[in-house]
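Visitor: I should like to examine this protein chain with you. Kindly show me the model before we begin.

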Amino acid sequence: MNVVETIVVFAVIPLAIYGLAGLLTLRRRSGAPRYRSGQAWEYPPMWWSANPEGVGAGHRHAGVENSAPEGAPTAAGGARGNW
């Protein structure tokens, strides 16, 4: 393998790949218009919940009540996820 082949394989080809990837990120995308900060938000608010059945009036998250006596430690902690 001569010097020219080495430069092509280890320099020109990787630079061409990076250049192509860079050009693909700069191209215009067609489709729905994107939200830009400062624009008015014309959609209703939507909140994400991991438990949609538990969301609503009168529902509380599990574990909100503190059943420990006054002054007792409330956290178990640990690397096993036992809180």
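The questions and answers below concern this predicted model.

Visitor: How many helices and strands are there in the protein chain?
Guide: The chain has 83 residues. Its strand count is zero, and its helix count is one.

Visitor: What distance should helix α1 span, and what separation do its end C-alpha atoms show?
Guide: Helix α1 covers residues 3–26, which is 24 residues. At 1.5 Å a residue, the expected span is therefore 34 Å. The end C-alpha atoms agree with this, being 33 Å apart.

Visitor: On which residue is the kink in α1 centred?
Guide: The kink amounts to about 30°. Its centre is V9.

Visitor: Which residue has a side-chain oxygen that reaches the backbone nitrogen of V4?
Guide: This contact lies at the start of α1. The oxygen comes to within 3.3 Å of that nitrogen, and it belongs to the side chain of N2.

Visitor: What percentage of the "transmembrane region" span is helix?
Guide: UniProt, in an unreviewed entry, places this feature at residues 6–26. The end C-alpha atoms of residues 6–26 are 30 Å apart. Strand accounts for 0% of the span, and helix for 100%.

Visitor: Why is the pair of W41 and Y43 edge-to-face?
Guide: This is the one aromatic pair in the structure. The ring centres of W41 and Y43 are 5.1 Å apart, and their planes meet at 65°. Planes over 60 degrees apart count as edge-to-face, so the pair is edge-to-face.

Visitor: Are W41 and Y43 buried or exposed?
Guide: Of the residues of the protein chain, 0% count as buried. Both W41 and Y43 are exposed.

Key:
Residues are numbered from 1 along each chain as its sequence is written. This is a predicted model: local features need pLDDT of at least 70, side-chain atom pairs count only at pLDDT 80 or more; totals for chains, interfaces and linings use all residues. Side-chain values use heavy atoms; hydrogens and water are left out. Rings of Phe, Tyr and Trp (its six-membered ring) pair if their centres lie within 6.5 Å; planes under 30 degrees apart count as stacked, over 60 as edge-to-face and the rest as tilted. Buried means under 20% relative accessible area, exposed over 50%, partly exposed in between (1.4 Å probe, protein chains only). Helices (H or I, at least four residues) and strands (E, at least two) are DSSP runs, numbered from the N terminus. The expected span of a helix is 1.5 Å times one less than its number of residues. The bend at a residue is the angle between axes fitted to the seven residues ending there and the seven starting there. A polar contact is a pair of N or O atoms within 3.5 Å; within protein, one must be able to donate a hydrogen and the other to accept it, and residues adjacent in sequence count only if both atoms are side-chain atoms. UniProt positions are given in the numbering used here, feature names are shortened, and annotations may be inferred rather than shown by experiment.
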